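Trainee: I'd like a close look at one part of this model, the place where the two domains meet. Could you walk me through what holds that part together, residue by residue?

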Amino acid sequence: MSATIQSEQLSVEHLLGIKELTAADIELIFRTADGFKEVLNRPIKKVPSLRDITVANLFFESSTRTRVSFELAEKRLSADVVNFSSSGSSVSKGETLVDTVNNILAMKVDMVVLRHPDPGAAVFLSRNVGARIVNAGDGTHEHPTQALLDAYSIREKLGKVRGIKVLIVGDVLHSRVALSNIFCLQKLGAEVMLCGPSTLMPRHIDSLGVKVEYDLDKALRWCDVANMLRIQMERQKGDGIANFPSLREYAMRFGLDLQRYERIGKKILIMHPGPINRGVEITSQVADHANSIILDQVENGVAIRMAVLYLLAARIPRSTV
Ligand code: CP
């Protein structure tokens, strides 16, 4: 990594959400990720940057991409890594979040990557334990590293984020990805439009400074990039589809199939944070289309998370490193 990057610092000690970051923080993370992306393309994909740091990945909710991506990022930085998942732990015996984390920290852990179903869990932890906290998704609140890797992927494919028109489609109400993306894209100067059933739009939508369109075909003609959100069945009441009549009707009105994609009449990038409900938000023909950057998003996640961990570790007082 260059001396220039090493001398710059984030304005925050924890990564709790995009809301707390400045545009300069996000640009610094992107420049740092550029360097790590180059490392990840070398035959030896490893640097010694976090050789003396121990990171605990604490996952109280299911994950594939985020969990594997953080673990790989930590190992590529030569950190010591410990993985914890709430199933099979003493959480089932009634141990609190703070007690669980403090017990893990007693074993000399420097940083905690936390995924938790409760909004605010990462903020709560940052105020109650003595380690750097990285929010890996807290309920319906924020998923900051997902938004960073999404914006980074747009920057990589289109050369910039400023002025790009990004459409976010679907279950905005339950989506931490949507909220973090809105904050991140706006800080970087992109235009954001939301589209989905009115029952899946949050009540405070007017306060977010985004456009809202309920006709997907119109919205698709407006945008340069369409980020198709996952329907979060597990966060909806009742049978999992309480906010719209049926998955079939959702797919017809708000799903992206090849016919609808080809009707747009121009190239737009297709994104999805994963996991995909194929045939609901997008069909396989669209998910696997040449203009889909879904796997580029996943690839970029490792470099982005390396950058976040590296920059936060640089803020740990030297005596404890
Ligand atoms: N995008 C995302 O957060 O995926 P996982 O739930 O698999 O981590």
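Mentor: Here is a walk across the boundary between the domains, followed by the charged pairs.

Keep in mind that this is a predicted model. The domain assignment gives domain 1 as 3-141 + 299-320 and domain 2 as 144-297. Their C-alpha centres lie 26 Å apart, and 33 residues of domain 1 are in contact with 27 residues of domain 2. Together the two domains bury about 2,500 Å², with 60% of that on carbon and sulfur atoms. On the domain 1 side, I18, F30 and N300 supply 25% of the area buried against domain 2, more than any other three residues.

Now the polar side of things. Between the domains there are 16 residue pairs in polar contact. If you go by elements, α2 (23-40), α3 (65-76), β3 (111-116), β4 (132-138) and α12 (294-313) each supply at least two residues of the domain 1 side that touches domain 2. The largest share comes from α2, with 8 residues.

Salt bridges come next: the rule finds 3 across this interface, while the structure as a whole holds 13. Take R155 and D34, whose closest N and O atoms are 2.8 Å apart. That pair ties together distant parts of the chain, with R155 in helix α6 (residues 144-158) and D34 in helix α2, 121 residues apart. Neither end is hidden away: R155 has a relative accessible area of 22% and is partly exposed, and D34 is partly exposed too, at 31%.

E61 pairs with R176, closest N and O atoms 3.0 Å apart. R176 brings us to helix α7, where R176, V177, A178, L179, S180, N181, I182, F183, C184 and L185 are buried. That is 10 of the 12 residues of α7, so the helix is largely enclosed by the rest of the structure. At its start, a side-chain oxygen of S175 reaches to within 3.3 Å of the backbone nitrogen of V177. Just after α7, G189 takes a positive phi of about 90°.

Back to helix α6 for one more long-range pair: D296 forms a salt bridge with K157, the closest N and O atoms being 3.2 Å apart. D296 sits in helix α12 and K157 in helix α6, 139 residues apart along the chain. D296 is partly exposed at 22% relative accessible area, and K157 is partly exposed at 38%. Finally, have a look at K37, E156 and E299, which are linked in a network of salt bridges.

Key. Residues numbered from 1 in each chain as written. Predicted model: local features only at pLDDT ≥ 70, side-chain atom pairs only at ≥ 80, totals over all residues. Heavy atoms only, no water. Buried < 20%, exposed > 50% of the residue type's maximum accessible area, 1.4 Å probe, protein only. Helix = DSSP H or I, 4+ residues; strand = E, 2+ residues; numbered from the N terminus. Polar contact = N/O pair within 3.5 Å; in protein donor to acceptor, adjacent residues only side chain to side chain. Domains from an automatic or database assignment. Contact = heavy atoms within 4.5 Å. Buried area = accessible area lost by both parts, 1.4 Å probe. Salt bridge = Lys/Arg side-chain N within 4 Å of Asp/Glu carboxyl O.
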